[in-house]
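Colleague: I've got this model open and I'd like to learn how to read it properly. Could you walk me through it, starting with the ligand?

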Amino acid sequence: MVLVWFLGLAAVATVCRLRRSKTSSEKKTGSAAKINEDLVAYSSQIICIRRAVESEQENPLFVDPLAAVLAGDYEGDGKRSPRISIRTKYFDDFLESAVSTGTVKQIVLPAAGMDSRAYRLVVPEDATTYEIDQEIVVETKEKLIAEASEAFVPKCHLKRIRADLNNKNWGEKLIEAGFKPSEPSVWLLEGLLYYLTEDQVISLFQTISTLLTEESTLLASLTRGSRKDNRGKRFNLRIKACISVLSKLSVRFRDLTSSVSRCSMADIDKLDSKRPATAPSLTSKFKWSCDKPEEFFSSLNFTVVDSVPVGSEKANYGIWNRPDVSSVIYVSMKPRTGD
Ligand SMILES: C[S@@+](CC[C@H](N)C(=O)[O-])C[C@H]1O[C@@H](n2cnc3c(N)ncnc32)[C@H](O)[C@@H]1O
């Protein structure tokens with residue numbers, strides 16, 4: 001009971017801190033009114049607020065100046081998400097390295113969501129970033145950027161394509177936008193594949209493979225292992241987290257009560273109505289995970305070059321060191337030619 005009360009106070013304090021930290025100019029009331037009706041589309045903003053939070057850290061892994069704008073009305077819980085921060089940094093570095101020699105000038109981001117890499121990565125000026133996403137996401141993104149008080153200018157050419165990746169015509173739309181399948185490209189499927197069924201993933205890769213040269217590279221984040229298999233690990237993690245919270249509570253209690261004492265009644269009244277919007281369960285929308293990426297992608301004529309669990313040495317940046325419990329991996333692959 002005491003624990004529940006403490007956690008309630010912690011939640012109030014967190015919301016109050018967050019409300020104080022977001023300026024009114026960052027709020028775009030009404031502009032993203034429809035995107036939140038579809039949780040998968042809305043996930044683009046739910047992830048984006050985490051990049052905004054990372055950007056505000058004392059020593060951030062990256063700074064994404066557009067993230068607070070593109071998160072729209074979604075405010076989240078204000079907490080840093082090490083896994084999303086690591087994911088962003090890992091793929092930022094990979095993409096920058098892929099285009100650094102100047103031979104690859106096409107960057108394709110299927111399910112780009114609120115990605116702002118075209119505005120912030122170091123890429124050749126004559127490169128083109130192709131962002132593909134659902135109509136509602138692209139429309140919301142363009143509106144938020146247009147309404148932003150600051151002018152944001154892409155660092156390379158940028159094309160946005162409104163398309164359903166489950167409809168094979170997205171490849172034609174990409175080509176209509178200027179993409180050249182005969183030239184090398186680098187692709188990033190970040191935060192997408194687990195929202196698709198296996199058949200949809202297969203169909204997506206079949207279309208992608210018609211658009212690649214042998215020098216092209218494809219990156220993806222995916223989950224391995226079934227949620228059932230990971231249950232034990234998640235349970236242990238939660239127990240450890242509870243023990244850690246309890247041991248810190250006595251120290252934090254004084255700070256907590258002082259934060260709460262600064263809350264207004266209006267802040268507290270809004271807490272309940274905020275809760276559903278601040279903690280939607282994205283995993284409820286997950287449909288696919290992959291136990292053996294090497295085998296799976298090999299059957300689709302791709303060779304997995306590297307497979308990196310989040311939290312492992314190559315992907316922790318000193319902020320989340322848990323390769324043993326992570327079910328998320330970053331995979332880089334090349335199309336297999338000559339079969
Ligand atoms: C979790 S967000 C990831 C966005 C971005 N890649 C990132 O990491 O921040 C998932 C995105 O997948 C997009 N998406 C899911 N299914 C899609 C489909 N069939 N066609 C186009 N986009 C889709 C959603 O609209 C959403 O923007």
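Modeller: Sure. A helix here is a DSSP run of H or I at least four residues long, numbered from the N terminus. Keep in mind that this is a predicted model.

Colleague: Which helix gives the largest share of the shell around the ligand?

Modeller: Helix α2, residues 39–55, with 5 residues. The shell has 20 residues, and S44, A111, G113, L165 and G191 come nearest to the ligand. By type, the shell divides into 10 nonpolar, 6 polar and 4 charged residues.

Colleague: Why does the shell lie between domain 1 and domain 2?

Modeller: Because both domains give residues to it. Domain 1 is 2–81 + 246–285, and domain 2 is 83–226 + 286–335.

Colleague: Back to α2, then. How do I read its packing with α4?

Modeller: Look at the angle between the axes: 65 to 115 degrees counts as roughly perpendicular. α2 and helix α4 (residues 82–99) pack at about 85°, with their axes 9 Å apart. That angle makes α2 roughly perpendicular to α4.

Colleague: Which residues meet there?

Modeller: From α2 you have I47, R50, R51 and E54, and from α4 there are I84, S85 and T88. The residues of this contact divide into 2 nonpolar, 2 polar and 3 charged.

Colleague: A111 came up around the ligand. Is it buried or exposed?

Modeller: The idea is to count other C-beta atoms within 10 Å: 20 or more means buried, 12 or fewer means exposed, and in between is partly exposed. A111 has 23 such neighbours, so it counts as buried. A111 sits in the loop between β1 (106–110) and α5 (117–120). Check its backbone too: phi is near 60°, a positive value in a residue other than glycine.

Colleague: And what is the phi of Y317?

Modeller: Positive as well, about 50°, although Y317 is not a glycine. Y317 lies in the loop between β6 (302–309) and β7 (328–335). With 15 other C-beta atoms within 10 Å, Y317 is partly exposed.

Colleague: One last spot: what is P280 in contact with, leaving aside its neighbours within four places in sequence?

Modeller: L39 and I46. Contact means C-beta atoms within 7 Å. P280 and L39 are 241 residues apart along the chain, yet their C-alpha atoms are separated by 8.0 Å. P280 is in the loop between α10 (265–278) and α11 (293–298), and its 15 C-beta neighbours inside 10 Å make P280 partly exposed.

Colleague: And the chain as a whole?

Modeller: It comes to 11 helices and 7 strands, and 31% of its 339 residues count as buried.

Definitions and conventions
Residues are numbered from 1 along each chain as its sequence is written. This is a predicted model: local features need pLDDT of at least 70, side-chain atom pairs count only at pLDDT 80 or more; totals for chains, interfaces and linings use all residues. Helices (H or I, at least four residues) and strands (E, at least two) are DSSP runs, numbered from the N terminus. Two residues are in contact if their C-beta atoms, placed from the backbone, lie within 7 Å. A residue is near a molecule or strand if its C-beta atom, placed from the backbone, lies within 6 Å of it. Ala, Val, Leu, Ile, Met, Phe, Trp, Tyr, Cys and Pro count as nonpolar, Asp, Glu, Lys and Arg as charged, and the others, Gly among them, as polar. Domain bounds come from an automatic or database domain assignment. Axes are lines fitted to C-alpha atoms, for helices over the stretch in contact, and angles run from 0 to 180 degrees between N-to-C directions. Angles under 35 degrees count as roughly parallel, over 145 as roughly antiparallel, 65 to 115 as roughly perpendicular and the rest as oblique.
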